[in-house]
Amino acid sequence: MIGAYQAQEFEPYGRGHVAAHPGKVQLQIKKSSTLEHGIPLVKAIKDISLHENSKKEHWHKRKNVTNNCIEELYVKETTVVWSRGGNEESRKVIKTVTVDSAVQQALWCTFTLPDSLSDVEQKSNTLDMIGHKEHGICIVESGCVNVFTDEGKDYISTLPFQVSGAWVIKNGLMFERTVTHREMANSKRVSPLPVLFTMLHPLDELAPVISKSAGGMNASKVQFVTSHSHQIVFTSEDPSLAVLYDTVHGVHSIWKIRRAKLEEGFSASGMDLMGSLPVQSAATTPLPGHSHSSSSSLSRVTFSSLSPSSSMSPFRSHPSRVNSPASRSISSPSLTQSASLNQMQSPSVASNSLYRFQTPSPGVRSPACLSRTPVTHNTTLWNDTCAEAGEPLTPDVCLEQVWTDLGITGGRRHSGRASKVFITTDLREQQYLCYLIPTEKQLRCLKFEESNDRSQLIFGTAQTIPARDAGPLETLNMMVVLDPGSNLVLYTGTTQVNSIHVPGIPLATPSTSLSYPPVPDSPAQGPFSSSRPPSAMDTGFEEEVNLLSPVPTEFNESSQLLDGSLAEELSSWQFPSIIAGIKDPVENQFTVELANGQLFHTGLPELAESPLVRLCLKAVSQVLPRDVGIQVLVKWYAVRNAAGIVSSQSEWTKFVKCMFNLMGYDAGKLALTKKYNMDSSASPVMTTKKARTSDHGTEEDWQYLLSSDHHKLSQNTHIYSLGVEEPIPLQSPSLSCHTVGTADVQALLFSHIPAVMFALHLAYENAKLNRLLSEELKSIATVLHQLSRDLKCEAYIDHYCRDFPHLFNVLQERSQFSPENLQKMHRPQFFSVNPPSIYRWLYQVLKGAEPDVFPYLQNVTLSVRNIVILFTVLCTNSGQEPDKEKYLKKIAAAGHRPTSTNVSLSKSFAGSSQASISTNILQLMTELGITFESIENLPLGVALPLREAIYHGRETPPSTLPEEAYQLIGREDLAKQVHCEHTPYTAPPGSHETSAKNVREDEDGMNNLDKELLRLRFNEDHRIQEVRKLLRSSKPVKIMLTQKPEVSDHDFIEEQSRHLYSICIRTMALPLGRGMFTLSTYHPVVTETLPIPKLCLTGRVPPRNTTIDLSHIETPANMNVWPQFHNGVAAGLKIANSSQVDSTWIIYNKPKSNELTNEHAGFLMALGLNGHLSNLATMNVHDYLCRGHDMTGVGLLLGIAAAK
């Protein structure tokens, strides 16, 4: 039995948030002539329902891979709460949305919005699209659908019909139309309109869905989905699948969701590629070669124009996508009754959204252009003539049938619709599609996998599991199942792992309620004894064991006489704590729902926590047959997480014991495992201290220690450490004549011991390349040494002893395997006589010798694979792509076809004839997914050549490297540049004006320094920012003085002014330093003037920021004349010598007041120092000198002299 985590009573986070939420707030809007008078009445009618909504709230959770957290979407009436995080203390509300009408459905969705019109036209056979992804939530109301993204955008689109359900597909949504009573009365069960529609953009109009089903004689039939007997049960994004249920035949079918082809759209409309449009506008010229036959199955429907409105309504009257002329001729099925049907379904929405009016495309779509003001429409049906024609909708999605469960239900009664469908994966990465049939209490698991070319999915036969409810646990590759007896059982695929014990759930279970009636306020007595461990004294554990017991109790026998539904009702009434369902399975956690409605949240432990154990488990399961590998993982999980067992043994110790037992060893008589037992028995956690009878020791105590097994097994190591030449012969009682165990030849892994040993050896070599596992190598080497001795593999024994010399001194005990047992073992073809050594391979390739082919396990020994490929490229130095099959060999289990290495180096060596070795290594490390952290974990000698390649590539990296390569070499500036080149930037409205205004206001003469580039290039160096703060002279300085009690206000103001004067002396010297700091760092723009920072000689007194100046004290006359002149010189010196400066631009920089200033005089002198003043025309020089401004004359003459 598997022990789960302690159950905690669960309450959705959104419930508490909604309790404090104000809810729906109706704003009072003044009546206006533009508002429609019938809209308030329509809204009031929508809120009235004759049926009480018993499902007042619902929620669901999911794992957000991008943010690595758990999200919750909670819905109650008209409010939706979208939260994200861990527990309640760390959760964060992303959005809270309150809509006008009751929320029918809320779900997460993802849209791919194209960056340009060319991206719209590029369509593939799949639903993959080019553009940036928008993640958010979709809220379905009775008349519209709202989409809110996590970036703050929102979209609204009206629905032309009532929706019975919305489903998430890849890069879009699928809607199922509600079938009216008139359509239900149709004996053919075929609607005149499609029942399935899709939306691949939040502003797109709904497009009908076509289906491609297998017909007779291997023929396929393409048509619109008009049969209302097919209902959607489940959809998935990856793989892109949909599960449909046929209410007539009572069968489930699986359909592949893909993009519809052009010819399929014509075929569904009953037309060929040269067919005609069923509807032609009087103002539109028909396309050449198109006929107007009235035999088409498509009716002619026209609609009146939209009513005038000052703002655009949510109902879009323009196409949202770019369509080719050929695609516009595809039409939807018969629309004869569309007007009447839509009027019955939604009085406020017109049915003309099934057509796109032929108006120009709006181009870029913005959610801000939409208005929530309803607009009424008048729909008119004309049979023979039309006043205005719309463009037929193009089907975007096709459902292609891939599987039907006729083989299960053939010849039997209808089993009913599935209540839950999900996709799960077993421990060997085999995928299953599971659907729960509540009437049969069965969970049907359908195995599927991709074909070799990955173009289609291949489904096998379905297997059944008795279940009332189930849910997948993605991180464990398992699923939790609630069997008909209300017991929780853990499965991986169709293999049962074990029962689950959930501590913390109340005790009122069926078996315990009849056998042991609870007595209030009395301690638990009766079935417990004092010899039980403390963990077993939990009453909940004892009573749940009775419930999970396969032995039927009185309740189980009596319940067989009751009907299934009646028994469930009685159980929920008499036993309110019986488990009724499983909700919200996320990662390894799930919620248990009791019959009385209580919710308890719990989870299951991981498969392994130790990195070494995880590596060994993956390696062992990879080389074993699929069924055997799953059984090994299942048994290990049951041993590690057994309920009611508290042990101080490490995870590695448990793993070693489990593996030796599965391989047929008598672990109780093996010296290696006995050593683990004695080490754990000596632990203070396991040993109970007894009361001493005497405070003084005796001779018998010392003799007892000398005769203990622990002393006899460890004394050999201590003797060698003391330097004794001849060790005392070790004769442990556990190794005496009759204590040698006998191997079990019927064990699960007995015949696979050589394959297990080789897999562990490859994991051992891979662990050598991780410095974080260096302390664990000794443990796995000891186990491999034991296996190699028992299998008589002398080369392997020598290999491990050379790595760890202490293994030479391990006691040579007699093997439990006889020669006859060794012959029964199967040695696979990949088992080599000489052990593969990664260090030996590196030595050979660095020496220039021809290395051996190194074996590796796919997705397990990735470090070995990466190092072999990198050093092959590094040492061959040929500039050509190396032959991977020459250096790497993939290991596969028996019955599995070995494939190639699946590592493409074409990008790294594309045009690499001129590229250096370091460039090839950088590109190759990027393709292999190697990061700087993974290089840090490599041993120093292995990482040194890679670090040298990074060092040489950091100085002068080529411009062709990807973004990840720049991040690897520490050039975040170039990585950011590459990222900006691939990401389109759209500035928000008014950002340019705001930024220009801020530049003028915050100008300090050093804004031309690229702070972002400096932050990327020198992200740990803040000296530039500090120097800029020290040289800033454009802002008032702070005056931090405290007024003493005996000082008057007038005297204190004078004291502040004197303090300001002392600071201003420093401020007036700052332009000299700023001129040196910003020398030649600016290239002027001919349409902009050179900003000259202000020399501020005032101060501010916090906290009120009162302005203090020098007017209260006497200062030298013309004190700021030369500092202002130097301020202009510093501003002009930042102009680079290579800049293009002419006479027109110099005159353009004159003060606007037409009065010459000291700063402009210094600016002219700086132009002369830069050599640009020689470009000033002679007439302009004469004009400056005629002004009679002394400082201008000085600066101009000195500048002209310096320029010449």
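## Close-up views of helix packing and loops

**View 1. Helices α12 and α18 cross in a right-handed sense.** The model is predicted. Helix α12 spans residues 611–623 and helix α18 spans residues 753–767; their axes lie 8 Å apart and make an angle of about 140 degrees. Angles from 65 to 115 degrees count as roughly perpendicular and those over 145 as roughly antiparallel, so α12 is oblique to α18. On the α12 side, the residues in contact are Leu-615, Cys-616, Ala-619, Val-620 and Val-623. They meet Ala-755, Val-756, Ala-759, Leu-760, Ala-763, Asn-766 and Ala-767 of α18. Sorted by class, this contact comprises 11 nonpolar residues, one polar residue and no charged residues. An α-helix has 3.6 residues a turn, so residues three or four places apart point the same way.

**View 2. Helices α14 and α19 come within 11 Å of each other, axis to axis.** The helices shown are α14, residues 651–662, and α19, residues 777–790, and their axes cross at roughly 15 degrees. Angles under 35 degrees count as roughly parallel, and α14 is therefore roughly parallel to α19. The crossing of this pair is right-handed. Helix α14 contributes Trp-652, Val-656 and Phe-660 to the contact. From α19 come Ser-779, Ile-780, Val-783, Gln-786 and Leu-787. Six nonpolar and two polar residues make up the contact of α14 with α19, and no charged residue takes part.

**View 3. Helices α24 and α26 pack at an angle of about 110 degrees.** Helix α24 covers residues 917–927 and helix α26 covers residues 940–955, with 9 Å between their axes. Because angles of 65 to 115 degrees fall in the roughly perpendicular class, the two helices are described as roughly perpendicular to each other. The crossing of α24 and α26 is left-handed. Ser-918, Ile-921, Leu-922 and Met-925 of α24 are in contact with Leu-946, Ala-949, Ile-950, His-952 and Gly-953 of α26. By class, six of these residues are nonpolar, three are polar and none is charged.

**View 4. Helix α33 has buried residues that pack against three helices.** Helix α33 runs from residue 1070 to residue 1077. Its buried residues are Leu-1070, Pro-1071, Gly-1073, Arg-1074 and Gly-1075. The helices they pack against are α31 (1023–1030), α32 (1049–1067) and α34 (1121–1133).

**View 5. Two cis peptide bonds precede Pro-239 and Pro-1103.** The bond between Asp-238 and Pro-239 is cis, with omega about 0 degrees. Pro-239 is placed in the loop that links β17 (230–236) to β18 (241–246). The other cis bond runs from Pro-1102 to Pro-1103, and its omega is near 5 degrees. Pro-1103 is found in the loop between β37 (1099–1101) and β38 (1106–1108).

**View 6. Lys-441 and Asn-1118 have positive phi values.** Lys-441 is not a glycine, yet its phi is about 55 degrees. The residue sits in the loop between β24 (431–437) and β25 (442–450). With 25% relative accessibility, Lys-441 counts as partly exposed. Asn-1118, likewise not a glycine, has a phi of about 55 degrees. Its place is the loop between β38 and α34. Asn-1118 has a relative accessible area of 61% and is exposed.

**View 7. Asn-859 lies 9.4 Å from Gln-622, C-alpha to C-alpha.** In sequence, Asn-859 and Gln-622 are 237 residues apart. The loop that holds Asn-859 joins β34 (854–856) to α23 (862–876). Asn-859 has 57% relative accessibility and counts as exposed.

**View 8. Overview of the protein chain, with 38 helices and 38 strands.** The chain has 1204 residues, of which 47% count as buried. Contacts between residues at least 6 apart in sequence join residues at least 24 apart in 67% of cases. The accessible surface comes to about 62,400 Å², and carbon and sulfur atoms account for 53% of that surface.

How values were computed
Residues numbered from 1 in each chain as written. Predicted model: local features only at pLDDT ≥ 70, side-chain atom pairs only at ≥ 80, totals over all residues. Heavy atoms only, no water. Axes fitted to C-alpha atoms, helices over the stretch in contact; angles between N-to-C directions. Helix = DSSP H or I, 4+ residues; strand = E, 2+ residues; numbered from the N terminus. Left-handed = near helix turned anticlockwise from the far one by under 90°. Contact = heavy atoms within 4.5 Å. Nonpolar A, V, L, I, M, F, W, Y, C, P; charged D, E, K, R; others polar. Buried < 20%, exposed > 50% of the residue type's maximum accessible area, 1.4 Å probe, protein only. Areas by Shrake-Rupley, 256 points an atom, 1.4 Å probe, with all protein chains shown as cover.
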